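Hi,

Here is the model I said I would pass on. Have a look at it first, and my notes follow underneath.

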Amino acid sequence: MNTRHPVAATLAVAGYIVMIVPILFVVATAFTDGETLSFPPRGFSVRWFGEALSYQPFVGSLVTSLEIALLATVLALAVGVPVTLAIHRGALPGKGLVENLFLSPLIVPELVVGLALFQQLIVTFRIDNWPVLLIGHTALLLPYAVRVTGAALAGSDASLEEAARGLGASPMRAFWTITMPLLRPGIFSAALLSFITSFNNVPLSLLLQSRKTQTLPVTMLDYVQQSYDPMVAAISTIILAATIVIAVIAERTVGFAKIFGGING
Amino acid sequence: MRSRATTALLLLPGLAFLLIGFLVPALAMLFAPPGTATSEIFVRLGEMLVDPFFLAIIGRTLLLALIVTLICVLLGFPIAYLLARTTSRWSGVLLALAIFPLMLSNVVRTFGWLVILGSNGAIGKLLTTLGLVDQAPQLLYTPLAIVLGMTQLFLPLAIITCYSAVTQVNPGLDDAARGLGASRGRTFRDIVLPLSLPGIVVAATLVFAGSVTAYTTPYLLGGSGNRMLATQLFTYSSVTIDWPGASATAIIMTVLVFVVSGVSSLVGRKGATA
């Protein structure tokens, strides 16, 4: 990468190897013709992809994962964007406090949140696993909906909307013609980030699962524990391919660094 | 938009989700697990903190998290620095490669290590084929496997956090120091490193908190011999159905994360004023 910093360059190469090489091994073993997870893979075949896509637990949990990720994203944005508006444009005392309150799900370990929801909503109130999973994922995504969409509003001036109102626009018209276009890139980033976060989530989905309601990552964890065949490598490769597609879309539209830089800052 | 009633209406649905989906259950868990008195949790917490089995789990969790944090900063900062300063036409691709793993499922990423470290895995095969060892060494289900797996998971987080810190350091300062005769090493030590220190502290905190609470890696790569707080919490809550044990473990985990975040924000504030 850079020969003027030999030490830094060596460390950097080591870092990239640790990050990327394991992923390549997953892909390589997915195309094996053999019966077990071994390296080097025996022969070349796509049969494990066929097996994975006709294995009912994977297909069923994939559907659950997609449903939860999609609905939680929509719900988190539906309730989160109004919160952003209230924080940045409303008559609200203690804005900082309210914003921190909505960011608080980020600081409590997800496993602890999962345990809390399991105990309190599923065991105590006997609510079904599926709605609790949806509520939990939505709460988990709220910080993204509030913070990422808020960044756009914080950087813009409320006087634009006031000017529109002063020129006779109704509140709704001012919102749709001035505020909404400002929010749109933030909403897109938040939606993307939320969907991926929910789809990949393990801690909440692990503790809130039932035999009927299981998400794909949890099913994969279970499967690896009982069987050592390349089916998980195949389903992993499919997830990898789908993630690359989403990543390319993200990079082409808002830019990677922007999406992921926003949440920790 | 300016009236209090409208503001309240905007806040209400979000607040409801936050309360039902997070705040109320989280607080209730600490004080009232199903059919359990609050005192039971704290009695259990006291027992755990003197139980050698549980202390070993806490010790292992903290030690591995510390090692992973050090490695992630040691590898992540140079990557962030080179990415921020390079003029190579590959910089975009390299940055994307460093961020992309954040989007990819933890399970998928961790799974690769099973193929590399497993008994039929790449490293064992390589060593036996070369005749260096008669039998593949046990690599999977060891602390080493957990460290490798967690480093892979959290390195992108360290890189992106350090990257935003380094990009805020004016490259003109590097040039000025170099122009005044400082060596590359000295410029790095005296200019770049101190100015990016707050970012490094944030990166270390995020990696440490993530490692202390990580479940997927110890579950897949640690096996039953290398229990950590997260895997133990799952055992209490879903295998042995031991509510006081689960709540007490959750309290320990949460306190650890809060203490580390608190200390790091203090350090960060001191660094900013110094």
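Chain B is an all-helix run from the N terminus on, α-α-α-α-α-α-α-α-α-α-α-α, which comes to twelve helices and zero strands (helices being DSSP runs of H or I with at least four residues, strands runs of E with at least two, numbered from the N terminus).

Some housekeeping: this is a predicted model, where local features need pLDDT of at least 70 and side-chain atom pairs count only at pLDDT 80 or more, while totals for chains, interfaces and linings use all residues. Residues are numbered from 1 along each chain as its sequence is written, and chains are lettered from A and ligands numbered from 1 in the order in which they are written.

On confidence, the complex gets an ipTM of 0.89 and a pTM of 0.91 from the predictor. Chain B has an average pLDDT of 89, with 97% of its residues at 70 or above (pLDDT is the predictor's confidence in each residue, from 0 to 100). Within chain B, helix α3 (residues 52-85) comes out highest at a mean of 95 and helix α6 (residues 122-129) lowest at 84.

As for overall build, the C-alpha atoms of chain B fill a box of roughly 75 × 70 × 35 Å along the principal axes. Of its 274 residues, 47% are buried (20 or more other C-beta atoms within 10 Å of the residue's own; exposed is 12 or fewer, partly exposed in between, with C-beta atoms placed from the backbone).

Helix α2 (residues 38-48) of chain B shows this nicely: Ile41(B), Arg44(B) and Met48(B) are its buried residues. They fall within an arc of 65 degrees seen down the axis of α2(B), so they line one face of the helix (the arc is that of the directions from the helix axis to the C-beta atoms). Ser39(B) and Gly46(B), on the other side of α2(B), are exposed.

Now the interface. Chain A puts 81 residues into the contact and chain B 85 (contact: C-beta atoms, placed from the backbone, within 7 Å). On the side of chain A, helix α1 (residues 6-30) gives the most, with 15 residues.

One crossing to look at: the axes of α5 (residues 110-124) of chain A and α1 (residues 4-31) of chain B come within 8 Å and cross at roughly 85 degrees. Among the residues making that contact are Leu117(A) and Leu121(A) from α5(A), and Phe22(B) and Met29(B) from α1(B).

Cheers

Methods:
Axes fitted to C-alpha atoms, helices over the stretch in contact; angles between N-to-C directions. Contact = placed C-beta atoms within 7 Å.
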